[in-house]
Amino acid sequence: MSELTAWDKVCLARLSARPTTLEYIECIFSSFIELHGDRAFGDDKAIVGGLALLDDMPVTVIGNQKGRNTKENIERNFGMANPEGYRKALRLMKEAEKFHRPIITFVDTPGAFCGIGAEERGEAESIAKNIMEMTNLKTPIISIVIGEGSSGGALGIGVGDRIYMLENSIYSVLSPEGFATILWKDSARAQEAANMMKITAEDLYKFEIIDGIIPEVNGGAHNSKEETAQKIKEVLLKSIQELNKKSVKELQDERYEKYRKIGRRM
Amino acid sequence: MINSTPDIPVGKWIKCDFCGEILYKDHIRQNLNVCTNCGNHFRLSARRRINQIVDENTFEEFDADMLSENSLDYPDYETKLEQLREKTGMNEAVKTGVGEIEGIRTVLAVMDGNFLMGSMGTVVGEKITRAIEYATENKLPLCIFTVSGGARMQEGILSLMQMAKTSAAIARHHEAGLLYITILTDPTTGGVSASFAMQGDIILSEPNCLVCFAGPRVIEQTIKQTLPEGFQRAEF
Ligand SMILES: [Zn+2]
């Protein structure tokens, strides 16, 4: 398909001009109302979420939010969420479940935040809880990886019935820098790591982890966010139409099987 | 006795990492591998832990022969696994099975830090998931002893997805109204702490056990600050 290396895609996925969650929300939905806070500690600006209309259909939208410049990135913590971000996401998802609204998540994070406060407030527990709850929520979940999907920090809002990736996005167990540090004690070998880790949309499609790849315009999504947004919207509409036909039990069972089969042995 | 002079015979003595006391190995073994000086728990192999916890002759192991595959074609992964199998006498970083604890039939998964830091790849994820499913089907309580450096890098994204797979199985075990206890042992981090380790009805921990998402070194590198004393230890 494309001749870009995995590392080229890492660079594209991290490009500061790459459209972020809020930009896609603006293009895809009408009347987005952002809701804030985890009702326990505070509002984490590295994750945004709220209610929106997809055409006429009410949905809950949640996504990792990176900044477009340094100032915004500091405010958004470079898209690296603290526990209160995951807890905000979960409370929005539980609310969606109550009203049987579909949940749409946009994944775009270098990982969960590694900091003192994050550990004190239970980063691991918040992610563990989200993952467990999402595997069993009684409403459809569609997750789109729009940029970087890295580590448990991505999975914390990334479990779903349908998972799609933009053509130049990546999804990995850890950032290539982290991978190179752990295995070779040398973060400078990130490029080499990226090219061996199997992190592109094509790789994940081959592993049957994702359901499809959403094409980007020539050169990448930043060259036309409207066109990319339109393609995302088509995928969302089609997926929701399919998923809305299923009973809650079918949804839960099929989602269970979707993950159960990854690395299954007979 | 405290000086570690070179004439101490190798293999007979062991130093406590926590208090620094040099101890006679046989005494420690008799004391269930807990330091007789400070109460620190020494790291245990899965085999020894099962022997300590499960009533004699009641443990039936599941899937002992399951072997990892090299899905990423990571260089020398097979060789590394083979060496570890030889060294540890285990095929993977977890032992699973069913046995009785003081007469109560319980499903167990016991991780082993000697096997690639107890990291979770597809086999660890699969074995634990099967054990959980067995517990759910047979209406049994579940006990998981965790020790892990997190997701196994050499199996990449497939390792990450084991977090969702195991969590989904735990969700069903909970939904069936069954008891799930996790026992955190040193260290429990990353993809394991961010999945089944933190999903127990009851979460116990060994004393002084490192429990975290990101390890202390990663945090110090990220924020360029020294961490408070005892940070991320079970008691913190
Ligand atoms: Zn001691």
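This short talk covers the zinc site and the two domains of chain B. Please keep in mind throughout that what we have here is a predicted model.

Let me begin with the metal. The zinc ion takes its protein donors from four cysteines, Cys16(B), Cys19(B), Cys35(B) and Cys38(B), each through its SG atom, at 2.3 to 2.4 Å from the ion. The angles among these four donor atoms run from 104 to 112°, and the site is tetrahedral. If you look for the donors along the sequence, you will find them in the spacing C-x2-C-x15-C-x2-C. Cys16(B) and Cys38(B) link distant parts of the chain, being 22 residues apart: Cys16(B) sits in the loop between strand E1 (13–15) and strand E2 (22–24), while Cys38(B) sits in the loop between helix H1 (25–30) and helix H2 (46–53).

Are these two cysteines buried or exposed? Cys16(B) has a relative accessibility of 1%, so it counts as buried, whereas Cys38(B), at 33%, counts as partly exposed.

Now let me turn to the domains. Chain B is assigned a domain 1, covering 11–42, and a domain 2, covering 43–223, and their centres, taken over C-alpha atoms, are 25 Å apart. Where they meet, eight residues of domain 1 are in contact with seven residues of domain 2. Together the two domains of chain B bury about 690 Å² between them, with 45% of that area on carbon and sulfur atoms. On the domain 1 side, Asn33(B), His41(B) and Phe42(B) lose the most area to domain 2, and together they make up 56% of what that side buries. Finally, how many salt bridges are counted between the two domains? The count is zero.

Notes: Residues numbered from 1 in each chain as written. Chains lettered and ligands numbered in written order. Predicted model: local features only at pLDDT ≥ 70, side-chain atom pairs only at ≥ 80, totals over all residues. Heavy atoms only, no water. Donors = N, O, S within 2.8 Å, 3.2 Å for Na, K, Ca; no water. Tetrahedral: all angles 85-135°; square planar, octahedral: opposite > 155°, others 65-115°. Helix = DSSP H or I, 4+ residues; strand = E, 2+ residues; numbered from the N terminus. Buried < 20%, exposed > 50% of the residue type's maximum accessible area, 1.4 Å probe, protein only. Domains from an automatic or database assignment. Contact = heavy atoms within 4.5 Å. Buried area = accessible area lost by both parts, 1.4 Å probe. Salt bridge = Lys/Arg side-chain N within 4 Å of Asp/Glu carboxyl O.
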